[in-house]
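Please look over the sequence and the structure shown here before reading on. The briefing is arranged by topic and is meant to be read alongside them.

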Amino acid sequence: MTVPLVIVDGANVVGSVPDGWWRDRAAAAVRLRDALVPVLAAGLSDLPGPVEVSLVVEGQARDVPAVEGGVDVVRAAGSGDDTIADLVRREAGARRIVVITADRGLRERVTAHGAEVRGPTSVPRR
């Protein structure tokens, strides 16, 4: 059985909680990356683990370091949404894909390629 892929729209998920993230976007992305680690083994509420997790970062959060054996950090060269859509297209049909975002336009783009979508509240936050 192929391990499902969970793709997290970092900017969208970070921005969904008004916790002062705008003062230090990179630090907020690091907190999200670290909060996603348990998802690797546990999965999501309707998606049992293990799963692969890719956190897509952009802009000021692009320099977030990856942690070996942890969440895959994908640095968007341009638009995070375009990078997420490209990841979905690349993996479409090969395994179950779940994208975490509240962005309506992105939701339409990825579901057109067979991905499922969950809102930002589906990932753990510290």
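What follows describes a predicted model, beginning with its sheet and moving on to helices and single residues.

The core element described here is an open sheet of five strands in the order 5-4-1-6-7, with parallel pairing. Strand 5 (72-75) and strand 7 (116-118) are its edge strands, each pairing on one side only, and neighbouring strands are turned by 25° against each other on average, direction ignored.

**Strand pairing in the sheet**

- Strand 4 and strand 5 run parallel and are joined by four bridges, and V56 has V74 in strand 5 as its bridge partner.
- Strand 1 pairs with strand 6 in the parallel sense, again over four bridges, with V6 standing opposite V98 in strand 6.
- Strand 6 and strand 7 also run parallel, here with three bridges between them, and I100 of this pairing stands opposite R118 in strand 7.
- In a regular strand, side chains alternate between the two faces of the sheet. Strand 6 shows I97 and V99 pointing one way and V98 and I100 the other way, and all of these residues are buried.

**Helices lying across the sheet**

- Helix 3 (residues 80-91) lies across strand 1 (5-9), strand 4, strand 5 and strand 6 (97-100), and runs at about 170° to strand 1.
- Helix 4 (residues 104-111) lies across strand 1, strand 6 and strand 7, and its direction is at about 155° to strand 7.
- Strand 6, helix 4 and strand 7 together make a β-α-β unit that is right-handed.

**Helix 3 in detail**

- The 12 residues of helix 3 reach 17 Å from the first C-alpha to the last, which is close to the 16 Å expected at 1.5 Å a residue.
- The buried residues of helix 3 are G80, D81, T83, I84, A85, L87 and V88, and what covers them includes strand 1, strand 4, strand 5, strand 6 and helix 4.
- At the start of helix 3, a side-chain oxygen of S79 comes to within 3.1 Å of the backbone nitrogen of D81, while just after the helix G93 takes a positive phi of about 85°.

**The surroundings of N12**

- N12 is found in helix 1 (residues 10-14), and because its relative accessibility is 21%, whereas buried would require under 20%, N12 counts as partly exposed.
- Apart from neighbours within four places in sequence, N12 is in contact with T101, A102, D103 and P120, and the side chain of N12 reaches the backbone nitrogen of A102 at 2.7 Å.
- By contrast with these contacts, the C-alpha atoms of N12 and G43 are separated by 20 Å, the two residues being 31 residues apart along the chain.

**A cis peptide bond**

- Most residues other than glycine have a negative phi, and most peptide bonds are trans.
- G49 and P50 are joined by a cis peptide bond, with omega at about 5°, and P50 lies in the loop between strand 3 (47-48) and strand 4 (52-57).

Technical notes. Residues numbered from 1 in each chain as written. Predicted model: local features only at pLDDT ≥ 70, side-chain atom pairs only at ≥ 80, totals over all residues. Heavy atoms only, no water. Helix = DSSP H or I, 4+ residues; strand = E, 2+ residues; numbered from the N terminus. Pairing = 2+ DSSP bridges. Axes fitted to C-alpha atoms, helices over the stretch in contact; angles between N-to-C directions. Contact = heavy atoms within 4.5 Å. Buried < 20%, exposed > 50% of the residue type's maximum accessible area, 1.4 Å probe, protein only. Right-handed = clockwise from strand over helix to strand, strands pointing away. Expected span 1.5 Å × (residues − 1). Polar contact = N/O pair within 3.5 Å; in protein donor to acceptor, adjacent residues only side chain to side chain.
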